[in-house]
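Biologist: I'm new to this one. Could you walk me through it and tell me how you know each thing you say?

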Amino acid sequence: MSKDLSGISSQEFWQLQKKIDVEKWLASERAGRDLCGSMSWCVFCIKAEEFPCAKAQFREKLDRALDDVVDDIIENQERVAEVMPAEDKAEMREDEDAESSQKQVAFSKMENKPDKRRKKRKIIEVPEGYQLVTRYRRSFRARIIQSVTLQDLYTEIKNSLLGLSGIKSRVGQNGENFKSGKQRIAKLCISGKTLSLFLSLDPGLYENCPYRVEDMSDRKTHANTPLRIKITGKRTLKQAKMLLQDLAEKYDLINVGSLFSDFHYAYQDDEYLIRKGLIRPYQVLVKKRSKTDAIKTE
């Protein structure tokens, strides 16, 4: 609980405390009740000390930083288990037949295999009938940035999640995790242009309900959050919020509300996001399409 804050000046604490007091007062006016004790950082508060809110917020940031280190280790382990996201594999299958897919796997292994002789080569030899195609692995944040529709839904559902007591979030390469303590209870991911919410609820309990949920318990990455609901509009957003009430009841979480945050971002093109590392180009070996196949596709 008592994180070391000795490196932070009293002036900095005073300025932050003043800012928090104003924001908390305005939020309390809108809510019609005193929101003191309902903020995410309140669990780190020591009311007897000077500048309690400011110091509690700094402690929360330190705590999240430690969690980030642990999450990075877990995420790297998951990447080893699943080298490529499912949505990227789906995109490949649309353009490649079974034969080219096998060639692609072989090519990927050749690319990853250390070979001193290959360092001298500037051009990769491409088998006859195949071609190198550049694809783009888009991170969760990149997909959010490039879609206003996703930002609207994301802002709504994230604020609902953060309104539950003690919930902390962290954005990763493939999604955003929400934890209660050390337990991951929810996750947001994007497949194509669809925002999906994964919850730590039993999908079997919702077989006869009107919600369109999916059972993802057979997926290793969603073992802790097996219930999936796709959020595509106002109706499914409302259903997702109803499921959050069940989640709160399961984990004894109180809906304390929070300062509403706007998670909209200015649009950025691919070139900018590539420079920032939010989009990663990669090359795959695919079979060339014949003229007959091209005509059929048209």
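What follows is a short talk about confidence, helices, the sheet and two single residues.

Biologist: How confident is the predictor in this chain?

Modeller: This is a predicted model, and the mean pLDDT of the protein chain is 79, with 72% of its residues at 70 or more. Over residues 91-103, though, the pLDDT is below 50, and that stretch has 23 contacts in the model beyond near neighbours in sequence. Residues 115-122 are also below 50, with 3 such contacts. Where pLDDT is low, the predicted coordinates should not be read in detail.

Biologist: Why are α6 and α7 called roughly parallel?

Modeller: Look at the angle. The axes of α6 (residues 148-162) and α7 (residues 234-250) cross at roughly 15 degrees. Angles under 35 degrees count as roughly parallel, so α6 and α7 earn that description. The two axes come within 10 Å, and the crossing is right-handed.

Biologist: Which residues meet where α6 and α7 touch?

Modeller: From α6 you have L153, E156, I157, S160 and L161, and they meet L237, A240, K241 and L244 of α7. By kind, the residues of this contact divide into 6 nonpolar, 1 polar and 2 charged. Leu, Ile and Ala count as nonpolar, while Glu and Lys count as charged.

Biologist: On to the sheet. What makes β2 and β6 edge strands?

Modeller: The sheet is open, with 6 strands in the order β2-β3-β4-β5-β7-β6 and antiparallel pairing. β2 (167-171) and β6 (213-215) each have a single partner strand, so one side of each is left without a neighbour in the sheet. From one strand to the next, the twist averages 25 degrees.

Biologist: How do you know that β6 and β7 really pair?

Modeller: Count the bridges. Two strands pair if there are at least two bridges between them, and β6 and β7 (residues 227-231) have 3, in the antiparallel sense. E214, for instance, has R228 in β7 as its bridge partner.

Biologist: Where do the two helices sit relative to the strands?

Modeller: α6 lies across β2, β3, β4, β5 and β7, running at about 20 degrees to β5. α7 lies across β4, β5, β6 and β7, at about 150 degrees to β7. Angles over 145 count as roughly antiparallel, so α7 is roughly antiparallel to β7.

Biologist: What does S180 touch?

Modeller: S180 lies in strand β3. Not counting residues up to four places away in sequence, S180 touches G166, I167, I185 and L253. S180 and S169 are 11 residues apart in sequence and 9.2 Å apart in space, C-alpha to C-alpha.

Biologist: And how far apart are L278 and S139 in sequence and in space?

Modeller: They are 139 residues apart in sequence and 5.5 Å apart in space, C-alpha to C-alpha. L278 is in the loop between α8 (270-275) and β8 (279-287). Leaving aside neighbours within four places in sequence, L278 has contacts including R137, S139, A142 and I145.

Key: Residues are numbered from 1 along each chain as its sequence is written. This is a predicted model: local features need pLDDT of at least 70, side-chain atom pairs count only at pLDDT 80 or more; totals for chains, interfaces and linings use all residues. Side-chain values use heavy atoms; hydrogens and water are left out. pLDDT is the predictor's confidence in each residue, from 0 to 100. Contact means heavy atoms within 4.5 Å. Axes are lines fitted to C-alpha atoms, for helices over the stretch in contact, and angles run from 0 to 180 degrees between N-to-C directions. Helices (H or I, at least four residues) and strands (E, at least two) are DSSP runs, numbered from the N terminus. Angles under 35 degrees count as roughly parallel, over 145 as roughly antiparallel, 65 to 115 as roughly perpendicular and the rest as oblique. A crossing is left-handed if the near helix is turned anticlockwise from the far one by less than a right angle, and right-handed if clockwise.
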